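This report describes pockets, an enclosed cavity and helix packing in one protein model. The structure under discussion is shown below.

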Amino acid sequence: MKVLLVNGSPHKNGSTNRALQEVEKTLQASGVETEIFWIGNEPVGGCIGCGGCRKTGACVFGGVVAEFTEKAKEADGFVFGSPVHYAAASGNMTSFLDRVFYSASAETFRFKPAAVVTAARRGGNSAAYEQLLKYPGISHMPIVSSQYWNMVHGANAQDVEQDLEGLQTMRALGRNMAWLLSCIEAGKDAGVNPPAVEPFQRTNFIR
């Protein structure tokens, strides 16, 4: 079993990464393979709705989005982490996830557990957390929770060390993710198949 943890911060070793590291070490202690994927600090352009990915099976702009999507195909679970900028996920993380979820095949994420993590100096965590939940929530992904909303506080990694409750929340998240992955594997071994998916019914409200 492997979990991809996405660091959506422009700072590779900042507060978001520190939160993900706490989840990662807990997953590893449970025997789960992990990888922290940093999206980098170069600008990530947003999705332009060109539809090219429907023809090629991948985002036509490639780059970090294509790199991650290839890795995602082999992953069993995901943790998407972002710093809080103006009570929202970072601009790069938002553009990244827009393109990833729009261009990837449904099978890339369907029925794979996901969690989201946010890091803020002071406020805006809840708003950004709810924003990030929209991506797994539209993709048939079981959402993994913790003892509290998955967030830490601190302007940098050193500050996060003082957020003992936040770090404990990350560890609980890691254990819950590992448990759910094990349950899914046990279900497969017992012949429990994922639920059937109906053909998508696209309805526009303005006709």
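## The second largest pocket

The second largest pocket has a lining of 18 residues, and those nearest its centre are F111, K112, I184, K188 and P194. The model is a predicted one. The space in the second largest pocket amounts to about 300 Å³. Its lining divides by class into 11 nonpolar, 2 polar and 5 charged residues.

## The largest pocket

A volume of about 650 Å³ is found for the largest pocket. The lining comprises 19 residues, of which R54, F101, A106, I138 and S139 are the closest to the centre of the pocket. Three elements give two or more residues each to this lining, namely α2 (52–56), α4 and α5 (106–109). The most is given by α4, with 3 residues.

In terms of residue class, the lining of the largest pocket holds 10 nonpolar, 5 polar and 4 charged residues.

## The enclosed cavity

How many cavities of 30 Å³ or more does the model contain? The count comes to 1. The volume of the largest cavity is about 100 Å³. It is lined by 14 residues, and C47, C50, C53, C59 and Y102 are the closest to its centre.

The elements that supply two or more residues to the cavity lining are α2 and α4. Helix α4 gives the most, with 3 residues, just as α4 gives the most to the lining of the largest pocket. The cavity lining divides into 8 nonpolar, 5 polar and 1 charged residues.

## Packing of α4 against α3 and α6

Helix α4 spans residues 91–103 and packs with helix α3, residues 63–72, at an angle of about 50°, the two axes being 10 Å apart. Angles from 35 to 65 degrees fall outside the parallel and perpendicular ranges and count as oblique, and α3 and α4 are therefore oblique to each other. The crossing of α3 past α4 is right-handed. On the α3 side the contact is made by V64, V65, F68 and T69, and on the α4 side by F96, R99, V100 and S103. By class, this contact of α3 with α4 has 5 nonpolar, 2 polar and 1 charged residues.

Helix α6, residues 125–137, also packs with α4: the axes come within 11 Å and cross at roughly 10°. An angle under 35 degrees counts as roughly parallel, which makes α4 roughly parallel to α6. From α4, the contact is made by M93, T94, L97, D98 and F101, and from α6 by Q131, L132, Y135 and P136. The contact of α4 with α6 has 6 nonpolar, 2 polar and 1 charged residues. F101 of α4 thus appears in the contact with α6 and also among the residues closest to the centre of the largest pocket.

## Packing of α1 against α8

Helix α1 (residues 15–29) and helix α8 (residues 164–189) have axes 8 Å apart and pack at an angle of about 40°. Are these two helices parallel or oblique to each other? Given that angle, α1 and α8 are therefore oblique. The crossing in which α1 passes α8 is right-handed.

In this contact, α1 contributes R18, A19, E22, V23, T26 and L27, while α8 contributes L167, M170, R171, L173, G174, R175, M177 and A178. By class, the residues of the contact divide into 8 nonpolar, 2 polar and 4 charged. Residue I184, which is among those nearest the centre of the second largest pocket, lies within the residue range of α8, as does K188.

Notes:
Residues numbered from 1 in each chain as written. Predicted model: local features only at pLDDT ≥ 70, side-chain atom pairs only at ≥ 80, totals over all residues. Heavy atoms only, no water. Axes fitted to C-alpha atoms, helices over the stretch in contact; angles between N-to-C directions. Helix = DSSP H or I, 4+ residues; strand = E, 2+ residues; numbered from the N terminus. Parallel < 35°, antiparallel > 145°, perpendicular 65-115°, else oblique. Left-handed = near helix turned anticlockwise from the far one by under 90°. Contact = heavy atoms within 4.5 Å. Nonpolar A, V, L, I, M, F, W, Y, C, P; charged D, E, K, R; others polar. 1 Å grid on protein atoms, 1.4 Å probe; cavity = no way out; pocket = protein on both sides within 12 Å on 5 of 7 lines; lining within 4 Å. Points joined across faces, edges and corners; volume = space filled by probe spheres on them.
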